[in-house]
Amino acid sequence: MNFFLLNLLRFLFVYVGLTTFLFALPYFGVRPASFYARCLSSYLTLVICATYGVLVSVLLRLTGHHRLAQYLTARSFHYTMRWTTGVEFVILSGKQHLLSTRPAVIIGNHQSELDVLLLGRIFPPWCSVTAKKSLKRMPFLGWFMALSGTVFIDRGNSKSALKAFEGAAEEMNTYKQSVFIFPEGTRSYAKGPELGPFKKGAFHLAVKAGVDVVPVVCANYWGVLAAGERRFRGGKIPVKVLDPISTKGLTPADVDDLTRTTRDKMLAELVALGQTPEGKDAARKI
């Protein structure tokens, strides 16, 4: 045990030392070093917060409050990342909808791996994510997801996915539990205000559960993170929460229209956000 702890401390010492060294290099003209410094900071922060999340999930399960685990862990990641990387998502308007609309299917545009931090900012209490089934086996993060009530979806098996959504709809109404989903299904890595096609799963779930859809729009932040160009800088990224969209009286036959109109609203807001001073700064390449 002592041998393990000693080696862990050595690893952390080297890891933190290397990260600090990389953070210092841009002051001497080596600007790409900040990309690697913030990547290393992000990975370490994620592991620490996921480990914290596992412990919190176990403790909350013992008291019957494990459905709060993802909210508490998300907040810890938000505040820690703001300190370790200088990146912060800022809600400009609509925050009240995240707190007053419950249960709901909350959706957002998906740009990159940094969207985990977006969740850290917007996640309300009594909310869980859906995730690919393969993530369940990932150390720390997967353990935390499994313990905290994540709905895992097998994207390669439509019957399994449908069954998971049926269970999620029942759970949402029983426990007043909201769910967050990225309807694009994959990261866009967009260089401008763009949205990929929306998958219909989130909207089928909302209609089946009879709950509102709450769209969250995050401005394009290509200027803050662009992995292909080795750019990762600090900055504030604006977010808006749109008015809830009711599914009252809707049937599966209405899902196509619901998906299309919701995407149109989000795209219009995404373009508008890009014209704000905050949006222009997030998209600005430095």
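Why is helix α5 (residues 115–122) largely enclosed by the rest of the structure? Seven of the eight residues of this helix are buried, so the helix is largely enclosed. The legends below describe close-up views of a predicted model.

**View 1. Helix α5 and its buried residues.** The buried residues of α5 are D115, L117, L118, L119, G120, R121 and I122. I122 has contacts with R75, I91, L98, F180, V216 and V239, when its neighbours within four places in sequence are left aside. Three other residues of α5, namely L117, G120 and R121, are in contact with H78.

**View 2. H78 in helix α3.** Helix α3 spans residues 69–85 and includes H78. Is H78 buried or exposed? H78 counts as buried, because its relative accessibility is 3% and the cut-off for buried is under 20%. With its neighbours within four places in sequence left aside, H78 is in contact with E88, F89, L117, G120 and R121.

**View 3. The largest nonpolar core.** This core has 42 residues. The residues with the most contacts inside the core are F89, L98, L114, I122, F180, Y221 and I237. Helix α2 (residues 33–63) gives the largest share of this core, six residues. Another core lies apart from it and has 28 residues, among them V151, A169, V211 and V255. In soluble globular proteins, nonpolar side chains tend to be buried together.

**View 4. The largest cavity.** How many cavities of 30 Å³ or more does a search of the whole structure find? The search finds two. The largest cavity has a volume of about 40 Å³. Its lining consists of Y71, R75, I91, K95, L98, L99, R121, I122, F123, P124 and P125. Two or more lining residues come from each of α3, α4 (95–100) and α5. Helix α4 supplies the largest share of this lining, three residues. By class, the lining of the largest cavity has eight nonpolar residues, no polar residues and three charged residues. One of the lining residues, I122, is also among the residues with the most contacts inside the largest nonpolar core.

**View 5. The second largest cavity.** About 30 Å³ of space lies in this cavity. Which residues line the second largest cavity? They are S128, V151, A168, E171, M172, Q177 and V179. Helix α7 (residues 158–175) contributes the largest share of the lining, three residues. Four of the lining residues are nonpolar, two are polar and one is charged. V151 lines this cavity and belongs to the core of 28 residues.

**View 6. The second largest pocket.** The volume of this pocket is about 320 Å³. The pocket is lined by 14 residues, and T19, F23, S41, W83 and T84 lie nearest its centre. Helices α1 (2–24), α2 and α3 each supply at least two residues of the lining. The largest share, five residues, comes from α1. The lining has six nonpolar residues, eight polar residues and no charged residues.

**View 7. Two aromatic pairs.** The structure holds five aromatic pairs. One of them joins F35 and Y36 edge-to-face, at 5.1 Å centre to centre and with 85° between the planes. F35 is buried, because its relative accessible area is 8% and buried means under 20%. Y36 counts as partly exposed, at 40% relative accessibility. F180 and F182 form an aromatic pair that is also edge-to-face, with 4.9 Å centre to centre and 80° between the planes. Both F180 and F182 are buried. F180 is in contact with I122 and is among the residues with the most contacts inside the largest nonpolar core.

**View 8. Helix α8 and the residue that follows.** Helix α8 covers residues 201–209. Which residues of this helix are buried? A202, F203, L205, A206, V207 and A209 are buried. G210 comes just after α8 and takes a positive phi of about 70°.

Technical notes: Residues are numbered from 1 along each chain as its sequence is written. Side-chain values use heavy atoms; hydrogens and water are left out. A nonpolar core is a set of buried Ala, Val, Leu, Ile, Met, Phe, Trp, Tyr and Cys residues joined through side-chain atoms within 4.5 Å. Buried means under 20% relative accessible area, exposed over 50%, partly exposed in between (1.4 Å probe, protein chains only). Helices (H or I, at least four residues) and strands (E, at least two) are DSSP runs, numbered from the N terminus. Contact means heavy atoms within 4.5 Å. On a 1 Å grid over the protein atoms alone, a cavity is a set of points where a 1.4 Å probe fits but cannot get out, and a pocket is an open set with protein on both sides within 12 Å along at least five of seven lines; lining residues have an atom within 4 Å of a point. Grid points are joined across faces, edges and corners, and a volume is the space filled by probe spheres set on the points. Ala, Val, Leu, Ile, Met, Phe, Trp, Tyr, Cys and Pro count as nonpolar, Asp, Glu, Lys and Arg as charged, and the others, Gly among them, as polar. Rings of Phe, Tyr and Trp (its six-membered ring) pair if their centres lie within 6.5 Å; planes under 30 degrees apart count as stacked, over 60 as edge-to-face and the rest as tilted.
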